[in-house]
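Biologist: I would like a close look at one part of this model, the place where its two chains meet. Please go on from there to the packing behind it.

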Amino acid sequence: MTAAALAPTPTTAAPAPAAPSAAQVQAAERAAIDAAASGPVLFFLGNAILWLLLATVLGFISSVQLHSPGFLAHCPIFTYGRILPAYNNALGYGWAALSGMGVAIWLLARLCRVQIKWPGVLVTGAIFWQVGLTLGIVQILGGKSTGVEGLEIPGSAAVLMLIGYMLVGLWGALIFGYRRQAPAYISVWYLVAALFWFPWSFGLAHLSLALPSVTGVVQSLIAAWAAQNFLHVFLTAIGLATAYYLIPKVIDRPVHSYHLASTGFWAFILFAGLTGAVRLSGGPLPAWLVTLSIAATILLIVQIVTVSANLLLTMDGQYHMVYHSPTIRFTVFGAIAFTIAGVVGLLASLRSVDRVLHFTLFQSAQTHMLLYAFFSMVMFGAIYYILPRLVGCEWLSSTMITWHFYGAAYGGGMLIILLAISGIASGSALADGEAIFSQIITDGQVYYLGATLAWVLIALGHAIFAFHFLLMLFRIGQPGGEPTLFAPIGEEKH
Amino acid sequence: MNRSLNLFAGIIGSFALSCYALVLLPKSQLGTLPPQTAEDEGKIVDIYPVKNVGVEAGRAVYKAEGCFYCHSQQIRDEQNGTDLERGWGVRRTVARDYIFEKAPVLGSMRLGPDLANVGSPKWRNEQVEEHPKYKPARRDAAWHLLHLYAPRTIIKDSNMPPYRYLFKTVKIGQAPADDALALTGPDAPKAGYQVVPTERAKQLVAYLMSLDRSHPLKEVKGSAPEVAAK
């Protein structure tokens, strides 16, 4: 079986039980790799956090507008129909994509044991990407969006983003090409898949907007396909690659099963790209398309089960580490969110459920489950791990990390749960054809208010995180060596 | 090297499959869908849908303001919800309804009602706390303009933001303008002034009024027993 034949051997993430001299050599090599990667990776991560702050502000405004529609409504650029896509793009293409690319570059350099050359190319890529994204968001706010959900950024700006991405993707491919570590670890598979998929999907979708021959619902389908690829293939693959790296690394034991890892990967790569049409379930499309995507979503359970089992079994007996290690706490939270998002996604794709939940805020809850509770939390975990290795000092304050975690976990969790309940409530109420629509929407007021409260928590967490990151950039922290932990290992907190 | 080859083959193959199944195949199946035709005195003529270039400007306003983040334009059938019962349409919408639209605004969220047929005379008016002085038999241009300017004066529970920037308040000349809004109470402008729609508001309303996808189609069962469309 191909999958089994491709299973990587447990060399890469395994603890190195080598002689001290060899360990020192390895440590020196890692330090050299980190030093070579530090410039571009810090640039990506720092900029990603700026986008996260912008997205937080936009997300908060759009949340307030749900319960107070008049909020900032007099000003065209702040109207809900412009703020919401600006938020989605700032969060997805700003924070998520940039942090994902930065972490991906660092992981590839580490796992392929390559010292990055010409880091300026990566920085140039990030600049192009962000110039394009900034122009795109300015045009969205200025009422110049393409008007296609998920592809709002106008073509000229998208081209700049794609050029920037190509530089990053090319460097990723070169790192892989020059790797000195074979066979490739499972994280590398996911990263290569992510880096390859994105430009084709993004490029083709934007090209289709420019082609006059693509009209009608085919265009909507392509947009849904691209949006699904971005979230469910590109970002998900980077998030899983990161989790597969961090969890074994921090708890210092190899991944539980390489066969599970490889089975999961092949299920993922085969099915995830076929799920796009669920976004148009019940819509004006041939039934076979939606059926195909529902079937792919159901089959994707193979990946969700294998990845979840693998990560959780790797953690087995080491769960106390969530009390000690910030990286583990964030990453394990993300891994569990991935499992929940996968199962919820499967259930919600079923026609009988989708009938009720389609067109409701439940969709937004699902997106946030994957994009925030899974992906972003794993990225936070990765940043807590990577940054000390790049700047040479440890995080200043475990209290600040704790507060960031509470803000992100409780705020994010609360937001998702409230959006989900609100979606279920309004969806069920709409099943009564006599019920008055506007009243059903207004009945969700308490959830919308709660969601805004959740945003306040999220914003506090992000502000603390950004401040902490800034301190690290100025090398204000604990002396290097021992990681900043919530509690020393050995002292159990209950 | 062999393993990398397998990896690349898998990744490229999976992308090709995804692209084929969800982009190329649907494009070849739906991309050439013609309008519905009918025989008129021996001649085959296109009857529905028709290209309506006159409302493109309004459609652009609809997109620019992001109306589609809260309003869908797709009617699902009885098995998939209460759209028909709710009076949002007389039949479900299908791919043919959108063939002349570049990037149709199907929408994915309903924080407001579906608008696929909002310009149709059959579109149901929700009889809730309508404007006391202003109860049109159907949603005409004046209704839409008033609703855009101050949604809650018409629908008490409306969650729609007021789009005041699509209007301007001007001094009344010799007589009030024909399209001045019939505003009362706190929404009314001060004496001697009137609120009139901008060009963009008029374009948007013209677009909304043009939305009618209730024409019978042969592929939608029960939508038109009386029409002998072929």
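How many salt bridges does the rule find across the interface of chain B and chain A?

Modeller: The model is a predicted one, and every value below is computed from it. Across the interface of chain B and chain A the rule finds two salt bridges. One pairing between the chains is B:Glu65 with A:Arg82, a salt bridge in which the closest N and O atoms are 2.6 Å apart. A:Arg82 falls within helix H3 of chain A, which covers residues 80-112.

The interface as a whole can be put in terms of residues and area. On one side are 72 residues of chain B, and they are in contact with 91 residues of chain A. The two chains bury about 6,800 Å² between them, and 65% of that area is on carbon and sulfur atoms. In chain B, the residues that lose the most area to chain A are B:Phe15, B:Leu22 and B:Tyr69, which together account for 12% of what that side buries.

A smaller piece of the contact between the chains is seen at A:Thr146, in the loop between helix H4 (119-141) and helix H5 (155-177) of chain A. Leaving aside residues up to four places away in sequence, A:Thr146 touches B:Lys63 from the other chain, and within its own chain A:Leu151, A:Glu152, A:Ile153, A:Pro154 and A:Leu209. A:Leu209 is 63 residues from A:Thr146 in sequence, yet their C-alpha atoms are 8.5 Å apart in space. A:Leu209 belongs to helix H6 of chain A, residues 186-210.

H6(A) leads back to H3(A), the helix of A:Arg82. The axes of H3(A) and H6(A) come within 10 Å and cross at roughly 140°. The two helices are therefore oblique to each other, and H3(A) passes H6(A) in a left-handed crossing. From H3(A) the contact takes A:Tyr93, A:Ala104, A:Leu107, A:Leu108 and A:Leu111; from H6(A) it takes A:Ser187, A:Val188, A:Leu191, A:Leu195, A:Phe198 and A:Phe202. By class these residues are ten nonpolar, one polar and no charged.

After H3(A) comes the loop between H3 and H4 of chain A, where A:Trp118 lies. Most residues other than glycine have a negative phi. A:Trp118 has a positive phi of about 50° although it is not a glycine. In chain B there is a cis peptide bond, from B:Tyr48 to B:Pro49, with omega near -10°. B:Pro49 lies in the loop between strand E2 (43-48) and helix H2 (56-64) of chain B.

Salt bridges also occur elsewhere: a search of the whole structure finds 15 over all chains. One within chain A joins A:Glu29 to A:Arg113, with the closest N and O atoms 2.9 Å apart. A:Glu29 lies in helix H2 (residues 20-67) of chain A and A:Arg113 in the loop between H3 and H4, so the pair ties together parts that are 84 residues apart in sequence.

Two further helix pairs in chain A complete the picture. Helix H8 (residues 258-271) and helix H10 (residues 301-315) have axes that come within 8 Å and cross at roughly 150°. That makes H8(A) roughly antiparallel to H10(A), and their crossing is left-handed. H8(A) contributes A:Leu260, A:Ala261, A:Thr263, A:Gly264, A:Ala267 and A:Phe268, and H10(A) contributes A:Val302, A:Gln303, A:Thr306 and A:Asn310. This contact has five nonpolar, five polar and no charged residues.

Helix H12 (residues 326-349) and helix H14 (residues 362-391) of chain A pack at an angle of about 160°, with their axes 8 Å apart. That makes H12(A) roughly antiparallel to H14(A). The crossing of H12(A) and H14(A) is left-handed. Their contact residues divide into 19 nonpolar, six polar and no charged.

Methods: Residues numbered from 1 in each chain as written. Chains lettered and ligands numbered in written order. Predicted model: local features only at pLDDT ≥ 70, side-chain atom pairs only at ≥ 80, totals over all residues. Heavy atoms only, no water. Axes fitted to C-alpha atoms, helices over the stretch in contact; angles between N-to-C directions. Helix = DSSP H or I, 4+ residues; strand = E, 2+ residues; numbered from the N terminus. Parallel < 35°, antiparallel > 145°, perpendicular 65-115°, else oblique. Left-handed = near helix turned anticlockwise from the far one by under 90°. Nonpolar A, V, L, I, M, F, W, Y, C, P; charged D, E, K, R; others polar. Contact = heavy atoms within 4.5 Å. Buried area = accessible area lost by both parts, 1.4 Å probe. Salt bridge = Lys/Arg side-chain N within 4 Å of Asp/Glu carboxyl O.
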